[in-house]
Protein chains: 2
Amino acid sequence: MAGEFALIDRYFVRPTPSAVLGPGDDCALVQPTPGMQLAVTTDMLVAGTHFFPDTNPLNLGWKALAVNLSDLAAMGSKPRWATLAGALPAVNEEWIGKFAEGFFACAAEYGVDIVGGDTTRGPLNLCITAFGEVDPGRALRRDGAKASDLIYVSGRPGLASLGLAHLQGKVLLPEPWRRLCQTALEKPRPRVALGQRLLGIASAAIDVSDGLLADLGHIAKRSGLAAAVKLVQLPHLPKGTTHEAIPRALALDCQLAGGDDYELCFTVPPLLNLQLAAIATELELPLWCIGQMTAGEAGEVTVFDPDGLAIDFDHRGYDHFG
Amino acid sequence: MAGEFALIDRYFVRPTPSAVLGPGDDCALVQPTPGMQLAVTTDMLVAGTHFFPDTNPLNLGWKALAVNLSDLAAMGSKPRWATLAGALPAVNEEWIGKFAEGFFACAAEYGVDIVGGDTTRGPLNLCITAFGEVDPGRALRRDGAKASDLIYVSGRPGLASLGLAHLQGKVLLPEPWRRLCQTALEKPRPRVALGQRLLGIASAAIDVSDGLLADLGHIAKRSGLAAAVKLVQLPHLPKGTTHEAIPRALALDCQLAGGDDYELCFTVPPLLNLQLAAIATELELPLWCIGQMTAGEAGEVTVFDPDGLAIDFDHRGYDHFG
């Protein structure tokens with residue numbers, strides 16, 4: 001059975017061309033681009049809380065890094081480096097090999113060097129810290145929205161939680177939607193290119209990890225504003241799902257409160273929104289205007305139905321200790 | 001019962017004067033000093049593996065950060081920022097409050113701003129990532145030792161593991177040594193000032209976390225050298241312990257293979273060692289010359305007794321999956 005150091009060497013030490021010194025010393029050494037700001041994010045993923053213990057380790061490896069890159073994307077920063085710390089209940093080299101394969105595939109896809117880490121024994125737990133660079137003063141924060149800014153979301157929020165509902169047996173998705181939703185859940189694509197293209201355009205941004213309304217609520221709260229979302233402007237879930245197979249209440253729940261989408265929700269001053277069509281085309285990624293920021297109670301998000309009536313919807317995202 | 005966000009706000013959001021943007025957004029933003037290199041380290045601490053589940057949370061908070069600052073110290077870097085991710089089995093506000101108190105006491109002592117984090121539910125697990133700055137090309141690495149460089153260690157390696165032996169009932173330490181050893185175990189002081197003073201003097205350095213011989217072995221291996229340690233030159237454990245209360249074999253085991261000391265082990269070219277006495281005086285920290293690097297099999301560490309005979313000692317540090 002391989003020891004800790006041999007395991008680390010075999011699976012987690014890869015070339016780190018963008019680092020001065022990679023894994024194997026007390027610290028990694030990196031040379032930040034002079035003058036740039038560093039965006040730093042850390043996420044802890046726990047078996048049973050964030051993923052099923054029997055999740056395909058290939059997908060888990062991808063997702064563990066992807067959710068951190070999503071945070072970097074939400075700031076508009078360019079991903080550079082990451083560290084990985086993991087507790088494992090036992091040595092299962094096949095599992096570790098698959099996990100590393102998915103993890104490094106995501107790192108390669110987004111140009112991130114894994115510069116360091118820590119491996120230990122314990123209940124399955126993965127903690128990743130990621131670093132990106134952004135021009136000083138340009139980062140997309142949550143607190144920059146202004147009243148009358150338009151609210152946008154990328155992609156199709158709700159797919160990941162529909163995929164989860166399918167895995168949980170709450171709904172039976174027909175193909176190809178099952179595959180589409182399950183891919184959204186298991187192998188999310190952080191919107192890194194979008195985040196960087198929104199610099200100078202978006203006034204605020206967040207990634208949709210806790211649910212669309214909850215995350216929009218964070219922008220609203222930090223910006224001291226309320227938000228109005230028009231249900232009819234939300235991207236439909238794929239045709240053939242909502243109308244035939246998916247109960248309406250579940251679809252709405254997934255769209256408005258489903259976590260794990262890792263799309264970007266952002267606000268844009270009127271007129272600047274004219275640039276978004278070109279960005280959507282360039283990135284081949286739909287961008288939907290779903291509402292508007294308004295003066296009102298800070299953090300309050302109201303959803304309006306097609307008749308302009310406020311919908312009573314109180315599922316406000318996932319809270320680990322709520 | 002407080003929710004996740006309220007908990008984070010109450011205990012873990014403190015002023016971060018050295019950051020552009022602290023906790024509460026998708027990422028923290030920091031402005032690295034232009035031209036400086038960034039040293040990055042991450043450590044995961046698991047209940048039952050790294051600490052007793054009933055450890056005083058005040059000490060645990062201190063130590064969780066201190067072990068990371070020790071890695072920064074071993075590179076000679078100046079600590080700047082850290083992130084904290086934690087999984088907790090349940091909300092125990094008293095525990096969390098005490099943990100935060102110890103954690104932020106260590107942060108304040110060493111001038112570190114806690115710029116971000118993540119809180120979730122799960123088996124008790126703490127993951128900290130810390131960042132320090134160091135002049136390009138000057139960081140103390142493990143691979144810089146040369147044959148004939150002298151080997152040094154700070155403080156008194158072995159105190160922490162003697163303290164652990166006491167807690168485990170393997171030995172009964174008399175006062176004041178019990179207190180001294182238990183403090184070394186529970187509230188280690190990372191050698192941050194020493195690390196920075198060794199820039200330009202030490203050729204290689206490591207912090208003693210896995211045990212003196214094991215960690216010296218890492219320097220030897222990465223430098224392509226062997227190391228010779230003279231037992232008689234090791235700092236004695238406090239008088240009254242080794243001779244009266246502590247079995248000789250246990251004392252030796254603690255000194256040579258005890259983990260958790262967080263002293264620095266480093267190599268210094270002959271002649272440059274003349275500067276160490278002044279540094280020891282300035283920092284009020286004993287620095288012991290315990291041997292010399294030699295040509296030989298890379299990574300081999302040999303301990304010699306007072307008669308110049310090699311001692312058979314095969315306990316080579318802690319390996320979580322060995």
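## Sheet ending in β4(B)

In this predicted model, strand β2 (residues 37–46) of chain B runs antiparallel to strand β5 (residues 125–134) of chain B, and ten bridges join them. One residue pair in this ladder is L38(B) with E133(B), the latter being the bridge partner in β5(B).

Both strands belong to an open sheet of five strands with mixed pairing, ordered β1(A)-β2(B)-β5(B)-β3(B)-β4(B). The edges are taken by β1 (28–30) of chain A and by β4 of chain B; each has a single partner strand, so one side of each has no neighbour in the sheet. On average, neighbouring strands here are turned by 20° against each other, direction ignored.

At the β4(B) end, strand β3 (residues 78–88) of chain B runs parallel to β4(B), with eight bridges between them. Within this pair, L84(B) lies opposite G117(B) of β4(B). Although β4(B) is an edge strand, strand β4 (residues 113–121) of chain B is mostly covered, with seven of its nine residues buried.

## Sheet ending in β4(A)

Another open sheet of five strands follows the order β4(A)-β3(A)-β5(A)-β2(A)-β1(B), again with mixed pairing. Its edge strands are β4 (113–121) of chain A and β1 (28–30) of chain B, and each is left with one side free of a sheet neighbour because it has a single partner strand. The average turn between neighbouring strands of this sheet is 20°, direction ignored.

Inside the sheet, strand β2 (residues 37–46) of chain A pairs with strand β5 (residues 125–134) of chain A in the antiparallel sense, over ten bridges. T42(A) has T129(A) as its bridge partner in β5(A).

## Strands β7 and β9 of chain B

Four bridges connect β7(B) to strand β9 (residues 264–268) of chain B, and the pairing is antiparallel. A204(B) of this pair has T267(B) as its bridge partner in β9(B).

Strand β7 (residues 204–207) of chain B sends A204(B) and I206(B) one way, while A205(B) and D207(B) point the other way. Residues on both sides are buried, D207(B) included.

## Cavity

The structure contains one cavity of 30 Å³ or more. The volume of the largest cavity is about 40 Å³.

Both chains contribute to the lining of the largest cavity: V46(A), P123(A), L124(A) and N125(A) from chain A, and V46(B), P123(B), L124(B) and N125(B) from chain B. By class, the lining residues are six nonpolar and two polar, with no charged residue. The strands described above also meet this lining, since V46(A) falls in β2 (residues 37–46) of chain A and N125(A) in β5 (residues 125–134) of chain A. In chain B, V46(B) belongs to β2 (residues 37–46) and N125(B) to β5 (residues 125–134).

## Cysteines

A disulfide is a covalent bond between the sulfur atoms of two cysteines. With a cut-off of 2.5 Å between the sulfur atoms, the count over all chains is zero disulfides. C254(A) is in no disulfide, and the nearest cysteine sulfur, in C181(A), is 8.2 Å away. C254(A) is buried, at a relative accessible area of 3%.

Why does C265(B) form no bond with C289(B)? The sulfur of C289(B) is the closest cysteine sulfur to that of C265(B), but the separation is 11 Å, which is too far for a bond. C265(B) is buried as well, with a relative accessible area of 0%.

Key. Residues numbered from 1 in each chain as written. Chains lettered and ligands numbered in written order. Predicted model: local features only at pLDDT ≥ 70, side-chain atom pairs only at ≥ 80, totals over all residues. Heavy atoms only, no water. Buried < 20%, exposed > 50% of the residue type's maximum accessible area, 1.4 Å probe, protein only. 1 Å grid on protein atoms, 1.4 Å probe; cavity = no way out; pocket = protein on both sides within 12 Å on 5 of 7 lines; lining within 4 Å. Points joined across faces, edges and corners; volume = space filled by probe spheres on them. Nonpolar A, V, L, I, M, F, W, Y, C, P; charged D, E, K, R; others polar. Pairing = 2+ DSSP bridges. Helix = DSSP H or I, 4+ residues; strand = E, 2+ residues; numbered from the N terminus. Axes fitted to C-alpha atoms, helices over the stretch in contact; angles between N-to-C directions.
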